[in-house]
Amino acid sequence: MIESAETIRTLDNVPLEFPLAGVASRGLAFAIDTLIVSFASVFWFIAVMGAGSGAGLGLGWIWGLGLLGAFLIQWGYFVFFEIRMRGSTPGKNVLKLRVITSEGGTPSPGALVIRNLLRLIPDTFVGVILMAIDPMARRAGDRLAGTLVIHEAPDRPSLALGTIPHGWGGDQVATVEAYLERAAVLQPAISVEIGERILRWLMRDHPEMLDGIDREGKHPATVLHEVFRVERL
Amino acid sequence: MEYGRWVEARRPLWDEVEARIGAALKRGNRMSFDDLEELALAYRRVLHDAAVARARFPGSAAARRLERLGIRGAYVLQGDLNPERFTFRRFYARTFPRACRSMLPHLRLVTALFLVAALFAALAALGSPALGLRLLGPARFEALREGKLWTESLVTAAPPGAAASGIATNNMSVALVAWAGGTLAGLGPIYVAVVNGALLGGLLGVTYHFGMAGALLGFVLSHGPLEIFLVLMSSGAGLYLAQGIVAATDRPRARLLREHAAISTVVVVGSLPWFLLLGLVEAFVSPQPALPPAFKAALGLVLLATYLAVAFNGGWGGADAR
């Protein structure tokens with residue numbers, strides 16, 4: 001779910017809307033990552049105990065190595081994965097989230113270290129409140145590192161109209177394209193009703209668009225595909 | 001402008017840019033100069049198309065695809081990319097010392113706070129030894145009255161390996177809290193510096209009253225100097241971070257914040273590994289009564305001098321002095 005969007009002016013002052021991740025999706029990603037960190041720490045302890053006992057290490061050293069490893073996993077997990085996975089972590093990857101700079105670019109490793117080491121105080125108490133009230137849903141670490149977390153746009157092709165009636169603008173194009181993309185997943189009766197409505201609209205204002213189109217027995221969405229010569233974009 | 005024809009005419013460019021961006025992302029944003037130049041030029045044309053689509057056909061499939069391409073292209077082409085590869089040698093030879101010199105005034109301030117707190121606490125403890133009861137708790141205070149220092153339990157309560165790890169991770173956590181506490185307008189680092197100063201001063205005062213100050217110093221000589229200095233460095237870094245948040249300057253706040261956060265992070269990250277070394281010293285060397293105090297003092301000074309040589313190898317004259 002996309003909670004909000006931030007308009008960032010990029011090269012040549014062209015505005016782009018970056019789909020910001022809010023408290024809910026970031027919290028869920030954090031919960032997944034925390035679960036992985038917990039499992040990794042337990043696994044590390046078991047591995048050290050097994051290997052340490054085999055190598056004849058004393059209990060003190062085994063405990064010491066276990067503790068140190070768990071500490072490094074806890075603090076290093078987010079830094080390591082965000083650098084290796086270019087602004088993502090396994091948890092963020094599940095929710096398709098990515099860390100970017102406030103200009104939309106790739107954050108430096110330094111910025112990723114800053115935003116992740118600043119988890120301790122800010123994220124437990126103040127951080128969640130800060131995120132909730134910040135229009136860009138940034139926690140303290142994001143503000144100091146100059147980063148944002150966004151939803152990665154799904155990489156699926158959408159349907160584009162190949163031809164449109166004279167005088168049509170963005171609203172009409174977007175409406176028809178949105179209907180055609182959802183026609184198959186809408187309730188059948190609703191899908192037919194909306195399609196028929198668009199066809200009546202065309203019959204009234206642009207009857208020439210329907211010339212030579214055989215509508216008999218066809219679903220309105222199929223007819224509209226033919227009328228607008230729809231293509232995958 | 002007819003939507004369908006426009007999409008048909010511009011689509012090859014969008015496909016090309018999409019393919020180039022995908023290839024760049026697969027290679028971790030690494031590309032040749034020629035590839036970079038071609039992508040940058042094509043990307044600007046895509047941005048212009050995105051502006052047209054946003055104005056003429058908002059919400060359409062073309063506008064959404066161009067928005068998506070614009071975002072992915074910005075990620076590949078823009079960013080804080082440092083052309084120099086990270087190496088530990090370069091970090092400790094150049095980046096770390098420069099960052100440490102930047103926050104010298106802040107280090108001086110937290111050191112002064114630490115010393116004042118230590119002095120006040122020592123005087124208070126000398127005047128009222130009962131303060132030791134609050135600092136140490138009843139069991140340790142009673143042991144002190146009987147001439148036993150609580151530090152002796154460090155070698156008996158836990159094996160040295162576990163103690164070393166516990167000490168190191170605890171100290172690293174304190175350092176990170178001192179630094180991250182800078183986000184609370186500097187209250188965190190000031191608190192850490194004052195509390196640590198008061199604890200050290202108070203404990204020295206109490207142990208002096210019971211004639212055990214020498215034993216306490218004997219325990220802390222080998223690890224104490226560097227440990228205290230590292231906590232002060234982290235607190236100084238926290239204050240430097242806080243300066244980026246609260247300082248009134250004519251520079252944009254976001255830029256100031258990023259600069260102060262970056263420099264203070266370098267100081268803290270560069271100091272953290274030293275806590276591992278200190279953990280080993282504190283667990284294996286400090287509690288050994290058989291080792292002469294002179295040896296412990298020499299070890300403590302060598303550790304501190306080594307850290308200072310690394311942290312301030314370009315001198316003490318501030319960030320720009322080379």
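This is a tour of a predicted model with chains A and B, taken one selection at a time.

**The whole complex.** Start with everything displayed and keep the predictor's scores in mind, since the complex is given an ipTM of 0.83 and a pTM of 0.83.

**Chain A as a whole.** Select chain A next and colour by secondary structure, which brings out 9 helices and 6 strands. The radius of gyration of chain A is 26 Å, well over the 17 Å that the globule rule gives for 233 residues, so the chain is more spread out than a compact globule. Turning the C-alpha trace of chain A along its principal axes, you will find that it spans about 85 × 40 × 30 Å. Buried residues account for 37% of the 233 residues in this chain, and of the contacts between residues at least 6 apart in sequence, 60% join residues at least 24 apart.

**The two domains of chain A.** Now give separate colours to residues 4-151, assigned as domain 1, and residues 159-232, assigned as domain 2. A distance drawn between the C-alpha centres of these two domains of chain A comes to 45 Å.

**The side of chain A that touches chain B.** Bring chain B back and select the contacting residues, of which there are 54 in chain A and 54 in chain B. On chain A, the elements that each supply at least two residues to this side include β2 (15-20), α2 (59-84), α5 (120-133) and α7 (170-182). Pick out α2(A) in particular, because the largest share of this side, 9 residues, comes from that helix. Colouring the chain A side by residue class then divides it into 33 nonpolar, 16 polar and 5 charged residues.

**Chain B by confidence.** Colour chain B by pLDDT, for which the mean is 87, with 93% of the residues of chain B reaching 70 or more. Among the elements of this chain, helix α8 (residues 153-157) of chain B has the lowest mean pLDDT, 62, and helix α12 (residues 224-246) of chain B has the highest, 95. Where pLDDT is low, the predicted coordinates should not be read in detail.

**Two backbone details.** Which phi value does Arg229(A) have? Its phi is near 45°, a positive value in a residue other than glycine, and Arg229(A) sits in the loop between α9 (220-228) and β6 (231-232) of chain A. Arg229(A) is exposed, with 12 other C-beta atoms within 10 Å. Finish at Ala185(B), which is not a glycine but has a positive phi of about 55°, in the loop between α9 (160-180) and α10 (187-209) of chain B. Ala185(B) counts as exposed, because it has 12 C-beta neighbours inside 10 Å.

Notes:
Residues numbered from 1 in each chain as written. Chains lettered and ligands numbered in written order. Predicted model: local features only at pLDDT ≥ 70, side-chain atom pairs only at ≥ 80, totals over all residues. Helix = DSSP H or I, 4+ residues; strand = E, 2+ residues; numbered from the N terminus. Rg over C-alpha atoms; globule rule 2.2 N^0.38 Å. Buried ≥ 20, exposed ≤ 12 C-beta atoms within 10 Å, placed from the backbone. Contact = placed C-beta atoms within 7 Å. Domains from an automatic or database assignment. pLDDT = per-residue confidence, 0-100. Nonpolar A, V, L, I, M, F, W, Y, C, P; charged D, E, K, R; others polar.
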